[in-house]
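Grab a pencil and have a go at these exercises. Try each task yourself before you read the solution below it.

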Amino acid sequence: MFERPQSNELAVLVHLHFAKNEDREVIEEFKELALAAGALPQCLITGKQIKPSAHYFVGLGKVEEIQAALTTHQAKLVLFNHNLSPSQERNLEKRLQCRVLGRIGLILDIFAQRAHSFEGKLQVKLAQLHHTATRLVRGWTHLERQRGGIGLRGPGETQLETDKRLIQQQIKIIKKRLDKVQKQRAQSQRARRKSQLRHISLIGYTNTGKSTLFNALTGAEVFAADQPFATLDPSIRRLRTIDGKMVVLADTVGFIRQLPHHLVEAFSATLEETQQADLLLHVVDATRQDKMDREKEVNKVLQQIQAEKIPQLFVYNKIDLLLAPALPHLERNRFGLPHRVWLSAHQKQGFDLLHQAITELLFTQNPKKRLI
C-alpha cells in the first residue's frame, strides 16, 4: 500500500529514560524482544528526556546519533522501545532512510512468527490491520486530495479512502471468522461444564516457563523456548491430580508490560480460556528482580479482560536457577489457603506441592471463601 525503505536484520535499538528510577530490566526485555523478532542488535542508544518530541519522538541530536550508528554498523532497521505515532515513524524513516518500528510493531512481528493455528493467525491479522489502519496516511499523502482538471478527475474516492475502506472490510471478515471460532470454543466450554471438570488456566508474564510447566504436568509437547511469546496459540489438556481427580489445564499467551489495549482485544477469543477458568496458576519467574512489577502488569491485563476476581495460585518457577539455592515449598495466606508454590518446572521439583495446592483450592475449600 505504500513504499517503505528496505531493511535487513542488523538493528539499532533506541530507549529513552522518562522515569527517574527505571532499571536495567526494561532494557534487557527490549533486547529479548528484538532477538525474538529475528533482529541482530548492533548497538543500544539511550538518553534521558522529559517528554517525547512531537516530530521525531527523540531530539535532533539523538536523530543524528542514530544516523551515525546506522552508517557505522551498516544497519537498515531502527527499533524503539516506545510506542511511536504514525507521523513520528514517517518522519524518522524519511530522515534516516531506513525502516523504523516502535514497540507495538515489534511485538506484532513476533506474534506473526509465532501464530500457527487458524485462530491465532486470524487474531494476529486483526491486530495488524488495526495497527496498519492508523498508518495509511504515511504512504498516500500525495493522494489525500484529488486534483481537478482534464485527465486528473478521480472516480470520487481517493486512494487513501479506498485503502481504509478495504481494510475495514477485511476487519469485518476476520471478526466474523473469529466469531465462528468463538462459538465453537463456547460449545467446547459448555461440554466441559456439563462434564463438571474444573478448569485451570496458566497465566503469567511472557517467558516465565508456562509452557515448560504445562508440558511437564501433562506430558504434552507444546513448543517451549527461552524467549518472549514462545507460545501464542492456546493448548488444552486433561490433568489428573494427585488424588485422582481430573481437571482441564490450558496454556495461554504470555503478557507483557505496555501491552496496548487493542492487542488485548484482538486476542479476546484466546483469553476466554482465562476468563472461564475456576483457578488461575499465575506463573512467576522467581529469578527476576522485577517479579513483583511483572505480577502487577499481569493483573492489569486480568482487569482488562474482567478476570481479576478468579482465584489465583502463584507458582514461583525456576528455583533451580536462583543464586541462593531454594527447596520447593508451599506458602499459605492468612486464611491458611495455598498462596505460593515454589518449584522448578524444568527439574520437575515441587509438583507434589502444586498438586496439593490445586486439590485444596478446587475441591476442599468453599469457593466463596477462596475469593476473600
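## Exercise 1: Salt bridges

The structure holds 12 salt bridges. Keep in mind that you're working with a predicted model.

**Task.** Work out which parts of the chain the salt bridge between Arg 294 and Glu 29 links, and whether each partner is buried or exposed.

**Solution.**
- Step 1: Start with the distance. The side chains of Arg 294 and Glu 29 meet with N and O 3.5 Å apart.
- Step 2: Place the partners. Arg 294 sits in helix 10 (residues 291-304) and Glu 29 in helix 1 (residues 24-36), so this pair links distant parts of the chain, 265 residues apart.
- Step 3: Check burial, with the cut-off at under 20% relative accessible area. Arg 294 has 6% relative accessibility, so it counts as buried. Glu 29 has a relative accessible area of 2%, so it is buried too.

**Task.** Do the same for Asp 285 and Lys 318, and then find the network that Glu 29 and Arg 294 belong to.

**Solution.**
- Step 1: In the salt bridge of Asp 285 with Lys 318, the closest N and O atoms are 3.4 Å apart.
- Step 2: Asp 285 lies in strand 8 (residues 279-285), while Lys 318 is in the loop between strand 9 (312-317) and strand 10 (329-332), so the pair ties together parts 33 residues apart in sequence.
- Step 3: Asp 285 is buried because its relative accessible area is 7%. Lys 318 has 16%, so it is buried as well.
- Step 4: Now the network. Salt bridges with shared partners join Glu 29, Arg 103, Arg 288, Asp 290 and Arg 294 into one network.

**Task.** Classify both partners of the salt bridge between Glu 93 and Arg 99 as buried, partly exposed or exposed.

**Solution.**
- Step 1: The N to O distance here is 4.0 Å.
- Step 2: Glu 93 is buried, because its relative accessible area is 5%.
- Step 3: Arg 99 comes out at 22% relative accessibility, so it counts as partly exposed.

## Exercise 2: The two sides of a helix

**Task.** Find where the buried residues of helix 2 sit around its axis, and what they pack against.

**Solution.**
- Step 1: Get the basics. Helix 2 (residues 60-73) has 14 residues and spans 20 Å from first to last C-alpha, close to the 20 Å expected.
- Step 2: List its buried residues: Lys 62, Val 63, Ile 66, Ala 69 and Leu 70.
- Step 3: These cover an arc of only 120° around the axis, so they're on the same side of helix 2.
- Step 4: Turn to the face away from the buried side. There you'll find the exposed residues Leu 60, Gly 61, Thr 71 and Thr 72.
- Step 5: The buried residues pack against strand 1 (10-17), strand 2 (40-48), strand 3 (77-80) and helix 3 (86-96).

## Exercise 3: The nonpolar cores

**Task.** In the largest nonpolar core, which residues touch the most other members, and which element gives the most residues?

**Solution.**
- Step 1: This core has 37 residues, and Leu 79 and Leu 302 touch the most other members.
- Step 2: Elements giving two or more residues include strand 1, helix 1 and helix 10.
- Step 3: Helix 4 gives the most, with six residues.
- Step 4: Look around Leu 302. Leaving aside neighbours within four places in sequence, its contacts include Ile 203, Phe 255 and Leu 280.
- Step 5: There's also a second, separate core of 26 residues, with Ala 220, Val 315, Val 341 and Leu 362 among them.

Key: Residues are numbered from 1 along each chain as its sequence is written. This is a predicted model: local features need pLDDT of at least 70, side-chain atom pairs count only at pLDDT 80 or more; totals for chains, interfaces and linings use all residues. Side-chain values use heavy atoms; hydrogens and water are left out. Helices (H or I, at least four residues) and strands (E, at least two) are DSSP runs, numbered from the N terminus. Buried means under 20% relative accessible area, exposed over 50%, partly exposed in between (1.4 Å probe, protein chains only). The expected span of a helix is 1.5 Å times one less than its number of residues. The arc is that of the directions from the helix axis to the C-beta atoms. Contact means heavy atoms within 4.5 Å. A nonpolar core is a set of buried Ala, Val, Leu, Ile, Met, Phe, Trp, Tyr and Cys residues joined through side-chain atoms within 4.5 Å.
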